[in-house]
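Here are some exercises to help you find your way around a new model. Try each one on the structure before you read its solution.

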There are 2 protein chains.
Amino acid sequence: MEEIDHHAGEPVWSQLTRILRGQIERGVIPPGKLLPSISTLMQVYGVSDGTVKRALKTLRDEGLVSSVPGRGTYVSQ
Amino acid sequence: MEEIDHHAGEPVWSQLTRILRGQIERGVIPPGKLLPSISTLMQVYGVSDGTVKRALKTLRDEGLVSSVPGRGTYVSQ
DNA sequence: CTGCATTTGTGCGTATGTATG
DNA sequence: ACATACATACGCACAAATGCA
């Protein structure tokens, strides 16, 4: 599991975005599948909800994922 | 009725937790009895559902209450 | 049995405040 | 002054369980 380096030059939200993007592109999380919830990602990577939300928003803006309130965040086709 | 101070230093969810905990410990709501529903607590204290849910979760983690989906939240014995 | 309302639990999006470098 | 990071707070949506007409 890739980990977050809070002392790296790269912002935490950017590191998390890159990690999740990599997992999607490598097929670790296939299209149509749900990403871990924000709450889970907070615990797994040890970051705040705002950081997770910024990472997910970036992936949404890139078209890699699609979030549905009440459901979760899906990997796009 | 204790009220919530949105400008106090203490977070709203913490204030609500403390108010409810006090009512339970003083026997205002006896063991086995139902707490007001989340919807009711929202209206009574003028806070959002997320805030009420966080307070109830805290009380659950403390073992003071026990929630049953579809029923409500009971004061523990 | 079939709906419908209520309630809890989980989830997301947005906004705001505080602290730090 | 600015970006980052965290915590709080609100609002809303959806699923499952419960109870009742």
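**Exercise 1.** Work out how helix 2 and helix 3 of chain A are oriented to each other in this predicted model.

*Solution.*
- Start with the axes: those of helix 2 (residues 38-45) of chain A and helix 3 (residues 49-61) of chain A come within 9 Å and cross at roughly 115°.
- Next, bring in the cut-off: angles of 65 to 115 degrees count as roughly perpendicular.
- Helix 2 of chain A and helix 3 of chain A are therefore roughly perpendicular to each other.
- As for handedness, this crossing is right-handed.
- Now look at who touches whom: helix 2 of chain A brings Ile38(A), Leu41(A) and Met42(A), while helix 3 of chain A brings Asp49(A), Val52(A), Lys53(A) and Leu56(A).
- Sort the residues of this contact by class and you get five nonpolar, no polar and two charged.

**Exercise 2.** Stay in chain A and describe how helix 1 packs with helix 3.

*Solution.*
- Go for the axes again: helix 1 and helix 3 of chain A have axes that come within 8 Å and cross at roughly 50°.
- Helix 1 of chain A and helix 3 of chain A are therefore oblique to each other.
- Their crossing is right-handed.
- From helix 1 of chain A, the residues to pick out are Val12(A), Trp13(A), Leu16(A), Thr17(A), Leu20(A), Arg21(A) and Ile24(A).
- Across from them, helix 3 of chain A offers Thr51(A), Val52(A), Arg54(A), Ala55(A), Leu56(A), Thr58(A) and Leu59(A).
- This contact has nine nonpolar, three polar and two charged residues.

**Exercise 3.** Now do the helix 1 and helix 3 pair of chain B.

*Solution.*
- The axes are 8 Å apart, and helix 1 and helix 3 of chain B pack at an angle of about 50°.
- That makes helix 1 of chain B and helix 3 of chain B oblique to each other.
- The crossing of these chain B helices is right-handed.
- Among the residues in the contact are Val12(B), Trp13(B) and Leu16(B) of helix 1 of chain B, plus Thr51(B), Val52(B) and Arg54(B) of helix 3 of chain B.
- Counted by class, the contact comes to nine nonpolar, three polar and two charged residues.

**Exercise 4.** Find out what surrounds DNA strand C, and pick out some polar atom pairs.

*Solution.*
- Begin with the neighbours: 21 residues surround DNA strand C, the closest being Ile38(A), Arg60(A), Lys53(B), Arg60(B) and Ser67(B).
- Then check the DNA side: of the strand C atoms that come within 4 Å of the protein, 70% belong to sugar and phosphate.
- Zoom in on Arg60(A): a side-chain N or O atom there is 2.6 Å from a phosphate oxygen of DNA strand C.
- The side chain of Ser67(A) has an N or O atom 3.2 Å from a phosphate oxygen of DNA strand C.
- For a base, turn to Gly70(B): one of its backbone N or O atoms lies 3.1 Å from a base oxygen of DNA strand C.
- Which elements give two or more residues to this surface? They are helix 3, strand 1 (65-68) and strand 2 (72-75) of chain A, along with helix 3 (49-61), strand 1 (65-68) and strand 2 (72-75) of chain B.
- By class, the surface near DNA strand C has six nonpolar, ten polar and five charged residues.

**Exercise 5.** Do the job again for DNA strand D.

*Solution.*
- Here 28 residues surround the strand, and the closest are Val12(A), Thr51(A), Val12(B), Asp49(B) and Thr51(B).
- Sugar and phosphate make up 75% of the atoms of DNA strand D that come within 4 Å of the protein.
- Backbone first: a backbone N or O atom of Val12(A) lies 2.4 Å from a phosphate oxygen of DNA strand D, and for Trp13(A) such a distance is 3.3 Å.
- Then a side chain: an N or O atom in that of Thr51(B) is 2.5 Å from a phosphate oxygen of DNA strand D.
- The elements giving two or more residues to this surface are helix 1 (12-25) and helix 3 of chain A, with helix 1 (12-25) and helix 3 of chain B.
- The class count near DNA strand D is ten nonpolar, ten polar and eight charged residues.

**Exercise 6.** Trace the surroundings of Tyr74(B).

*Solution.*
- Locate Tyr74(B) in strand 2 of chain B.
- Leu34(B) is 40 residues away along the chain, yet its C-alpha atom and that of Tyr74(B) are separated by 4.5 Å.
- Leaving out residues up to four places away in sequence, Tyr74(B) touches Gly32(B), Lys33(B), Leu34(B), Leu64(B), Val65(B), Ser66(B) and Val68(B).
- Finally, a polar contact of 2.7 Å joins the side chains of Tyr74(B) and Arg71(B).

How values were computed. Residues numbered from 1 in each chain as written. Chains lettered and ligands numbered in written order. Predicted model: local features only at pLDDT ≥ 70, side-chain atom pairs only at ≥ 80, totals over all residues. Heavy atoms only, no water. Axes fitted to C-alpha atoms, helices over the stretch in contact; angles between N-to-C directions. Helix = DSSP H or I, 4+ residues; strand = E, 2+ residues; numbered from the N terminus. Parallel < 35°, antiparallel > 145°, perpendicular 65-115°, else oblique. Left-handed = near helix turned anticlockwise from the far one by under 90°. Contact = heavy atoms within 4.5 Å. Nonpolar A, V, L, I, M, F, W, Y, C, P; charged D, E, K, R; others polar. Near = heavy atom within 4 Å. Polar contact = N/O pair within 3.5 Å; in protein donor to acceptor, adjacent residues only side chain to side chain.
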